[in-house]
Amino acid sequence: MKNTCIKAYHEMEERYARLVLAYHNNEQRKTICDTVSIVIDEKEIVPTVTVTPGKNFGGEYSIEFHDDYDKESGAFFEELIKKLDIGHCEI
């Protein structure tokens with residue numbers, strides 16, 4: 001079953017890439033945080049990560065790559081989405 005609770009939004013422009021994961025509770029936030037840490041360890045690259053709390057324990061988890069000359073963000077985002085079992089990513 002695909003994770004329909006966490007919403008994913010992707011932006012890309014030249015050497016910049018960003019994936020925003022919208023979560024709805026602390027459990028989802030922790031799952032995203034733990035999974036991002038796993039993918040960082042696997043890929044051995046460290047993107048810019050920002051967590052923006054919202055209302056009622058929800059918020060957004062933003063992962064950004066600046067000056068992504070080698071296009072490492074694509075493989076990173078694909079692995080992250082796969083591990084989180086997100087079935088669809090908005091553009």
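**Helix 1, the sheet and the core**

Student: In this predicted model, what covers the buried residues of helix 1?

Tutor: The cover includes strand 2, strand 3, strand 4 and helix 2. The residues in question are Q28, I32, T35, V36, V39 and I40, each of them buried in helix 1.

Student: How do you know that these buried residues are on the same side of helix 1?

Tutor: Around the axis they cover an arc of only 145 degrees, and this puts them on the same side of helix 1. On the other side of helix 1 stand E27 and D41, which are exposed.

Student: What makes the length of helix 1 agree with the expected span?

Tutor: Helix 1 has 18 residues, which at 1.5 Å a residue should span 26 Å, and the end C-alpha atoms are 26 Å apart, so the two values agree.

Student: Why is T52 called partly exposed?

Tutor: Its relative accessibility is 42%, and the class lies between the buried limit of 20% and the exposed limit of 50%, so T52 counts as partly exposed. T52 belongs to strand 3, residues 48-53, and, leaving out residues up to four places away in sequence, T52 touches Y23, G59 and E60. From T52 to A22 the C-alpha distance is 9.5 Å, although 30 residues separate them in sequence.

Student: Why do strand 3 and strand 5 count as edges of the sheet?

Tutor: The open sheet has 5 strands in the order 3-4-2-1-5, with mixed pairing. Strand 3 and strand 5 (89-90) each have a single partner strand, so one side of each is left without a neighbour in the sheet.

Student: What makes strand 1 and strand 5 a pair?

Tutor: Pairing requires at least two bridges, and 2 bridges join strand 1 (residues 7-13) to strand 5, so the requirement is met, with the two strands running parallel. Within these strands, Y9 stands opposite E90 of strand 5. Helix 2 packs on the sheet, where it touches strand 1, strand 2, strand 4 and strand 5, and its direction makes about 15 degrees with that of strand 2.

Student: Which residues touch the most other members of the largest nonpolar core?

Tutor: Of its 20 residues, they are L21, I32, V36, I63, F76 and L80. Two or more residues come from each of strand 2 (16-23), helix 1 (26-43), strand 4 (59-65) and helix 2 (72-84), and helix 2 gives the most, with 5 residues. Leaving aside neighbours within four places in sequence, F76 is in contact with V36, V39, I40, K43, I45, P47, I63 and F65.

Definitions and conventions: Residues numbered from 1 in each chain as written. Predicted model: local features only at pLDDT ≥ 70, side-chain atom pairs only at ≥ 80, totals over all residues. Heavy atoms only, no water. Core = buried A, V, L, I, M, F, W, Y, C linked by side-chain atoms within 4.5 Å. Buried < 20%, exposed > 50% of the residue type's maximum accessible area, 1.4 Å probe, protein only. Helix = DSSP H or I, 4+ residues; strand = E, 2+ residues; numbered from the N terminus. Contact = heavy atoms within 4.5 Å. Axes fitted to C-alpha atoms, helices over the stretch in contact; angles between N-to-C directions. Expected span 1.5 Å × (residues − 1). Arc of directions from axis to C-beta.
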